[in-house]
Amino acid sequence: AGEGTKQWRSHWHSNLTFYGPGGIGRAHGTEQYRQYVLEPFRAAFDDRSLDTNIFGCEGNYCGAFGELSGRHVGPWLGLEASGKILAIRFAIQWRVVDGLVQEGWALFDIPAVFKQLDLDFFAMAAAARPQIHS
């Protein structure tokens, strides 16, 4: 594992639970977090950057709001690589135990990502909605 892997692991509790949005899902433990959250994102985006607009903590809870960006070079959330630089607004909250993140909740502005690709997230979701028959 590279130096970056060691760096992020030093912040997460081994019994971590990460709750991501639809398409990313929940991860239990650092291995699932790496495999199902970090690796797909890193494979899909080159030249990544992070702009944190707000960061704060109260007690053992912390939160951040900002924007991740990178060149979209691989599939992510079912979207084929576009080659475009995409900006992804995020809000993340953490519960910290003994100096390590034990739980994390993430929100990503997925509809805005689709819009940057000239796709209408809500129209696509409505069209894919299963029909309920009485």
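**Entry 1: the disulfide**

I began with the geometry of the link between Cys57 and Cys62, which is right-handed, with 105 degrees about the S-S bond. The model is predicted, and I read each value below as computed from it. The two sulfur atoms of Cys57 and Cys62 lie 2.0 Å from each other. I then looked up how many disulfides the structure holds, and the count is one. For my own reference, I noted that a disulfide is a covalent bond between the sulfur atoms of two cysteines.

I next asked whether Cys57 is buried or exposed. Cys57 has a relative accessibility of 48% and therefore counts as partly exposed. I checked Cys62 in the same way and found a relative accessibility of 14%, so Cys62 counts as buried. The cut-off behind this reading is that buried means under 20% relative accessible area.

**Entry 2: salt bridges around Arg34**

I turned to charged side chains. Side chains of opposite charge can pair when their charged atoms come close. How many salt bridges does the structure have? I recorded a count of five.

One of them joins Glu31 to Arg34, with an N to O distance of 2.0 Å. I looked up where these residues sit: both belong to helix α2, which covers residues 29-44. Glu31 and Arg34 are three residues apart there, so about one helical turn separates them. I found Glu31 partly exposed, at a relative accessible area of 39%, whereas Arg34 is buried, at 17%.

Arg34 also forms a salt bridge with Glu39, with 1.8 Å from N to O. The relative accessible area of Glu39 is 36%, so I entered Glu39 as partly exposed.

**Entry 3: Asp118 and Lys84**

I then examined a salt bridge between Asp118 and Lys84, whose closest N and O atoms are 3.8 Å apart. Which parts of the chain does this pair link? Asp118 lies in the loop between α3 (110-116) and α4 (121-128). Lys84 lies in the loop between β4 (61-72) and β5 (85-97). The two residues are 34 residues apart, and I noted that the pair links distant parts of the chain.

I looked up accessibility for both partners. Asp118 is exposed, with a relative accessible area of 69%, while Lys84 has a relative accessibility of 33% and so counts as partly exposed.

**Entry 4: the network**

Finally, I asked which residues are joined into one network by salt bridges that share partners. I recorded Glu31, Arg34 and Glu39 as its members.

Key. Residues numbered from 1 in each chain as written. Predicted model: local features only at pLDDT ≥ 70, side-chain atom pairs only at ≥ 80, totals over all residues. Heavy atoms only, no water. Disulfide = S-S within 2.5 Å. Buried < 20%, exposed > 50% of the residue type's maximum accessible area, 1.4 Å probe, protein only. Salt bridge = Lys/Arg side-chain N within 4 Å of Asp/Glu carboxyl O. Helix = DSSP H or I, 4+ residues; strand = E, 2+ residues; numbered from the N terminus.
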